[in-house]
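User: I am new to this structure and would like a close look at a single part of it, with the surroundings explained as you go. Please take me through the aromatic side chains and what lies around them.

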Amino acid sequence: MKKLDLNNEQILISLRNGDKKAFKIIFDMYQKKLFYFVFSITKSEYATEEILQEVFIKIWTLRETIDPTQSFSSFIHTIARNLTYNHLRSVASRKSLKMELWKNLTYLSEQTKNSILYNEYQAIVDDIVSSLPKQKRSIFILSKKEGKSNQEIADLLGITPKTVKNHLWKTLQTIKIQLQPHIDTITTVLILISATLLAL
């Protein structure tokens, strides 16, 4: 059989009719050209090979729609270009999804850490405050939990604003000193929580 070339419409007619030899000729003639074309865009040999497989599968699948009178070179390059851009969009989408997941995971981690830190801190402070003398405990609760001013507290308890201020200062120093031993434990818990979340 005389070897056909793409300048002859016969090869495309043969391809339309399902001639595997015609398909092999087209593959041999375009495979290398398309490889360089696709690789110049993807910069990945693996991705290029995958895309080329899709290109020739598509050529075979669409063979009956090929018009032998039209430029086959433009036809196959258009398919290659579209599949390559689809691949790039897919990769970009996956990267975007990963970035979004990482962002959400980081936010979740921070929210969890903040929640744990607050709850741990609050529980320890509550224990410390409950052990304070009655007047100091009342002053602290009125100031920090009810938001009253030193003057308002002084009026309620029948003491001077300066006394209120001194009691608050001493109470805060007591809390700071008693809270310190728990800091390392809380920090360790937060580190373990973070490691667990980021490993998901």
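Analyst: Two residues are in contact here when heavy atoms of theirs lie within 4.5 Å. With that in mind, and remembering that this is a predicted model, one can begin with T84, which belongs to helix α4, a helix running over residues 72-130. Once the neighbours within four places in sequence are set aside, T84 is in contact with V38, I41, T42 and I51. T84 is buried, because its relative accessible area is 0%, and the cut-off for that word is under 20%.

The setting for this is a protein with 7 helices and 0 strands, in which 28% of the 200 residues count as buried. Among the contacts with a separation of 6 or more, 60% are between residues 24 or more positions apart.

The aromatic side chains give 7 pairs in total. In one of them, the ring centres of F23 and F56 are 6.3 Å apart and the planes stand at 90°, so this pair is edge-to-face. It joins distant parts of the chain, since F23 lies in helix α2 and F56 in helix α3, with their positions 33 residues apart. F23 and F56 are both buried.

F23 also pairs with W60: here the centres are 5.3 Å apart and the planes are at 75°, so this pair, too, is edge-to-face. This second pair again links distant parts of the chain, from F23 in helix α2 to W60 in helix α3, 37 residues apart. W60 is partly exposed, because its relative accessible area is 24%, a value that falls between the limits of 20% for buried and 50% for exposed. Together with F27, the residues F23, F56 and W60 form one aromatic cluster.

Charged side chains also meet aromatic rings in this model. The charged end of R63 sits over the ring of W60, 4.1 Å from the centre of that ring, so W60 takes part both in the cluster and in this arrangement with a charge. Elsewhere, the charged end of K33 is placed over the ring of Y30, at 5.6 Å from the ring centre.

Between the two helices that carry these aromatic pairs, α2 (20-42) and α3 (45-61), there is a loop, and K43 lies in it. K43 has a positive phi of about 60°, although it is not a glycine. With a relative accessible area of 61%, K43 is exposed, whereas F23 and F56 are buried.

Definitions and conventions:
Residues numbered from 1 in each chain as written. Predicted model: local features only at pLDDT ≥ 70, side-chain atom pairs only at ≥ 80, totals over all residues. Heavy atoms only, no water. Helix = DSSP H or I, 4+ residues; strand = E, 2+ residues; numbered from the N terminus. Buried < 20%, exposed > 50% of the residue type's maximum accessible area, 1.4 Å probe, protein only. Phe/Tyr/Trp six-rings, centres within 6.5 Å; stacked < 30°, edge-to-face > 60°. Lys NZ or Arg CZ within 6 Å of the ring centre and 35° of its normal.
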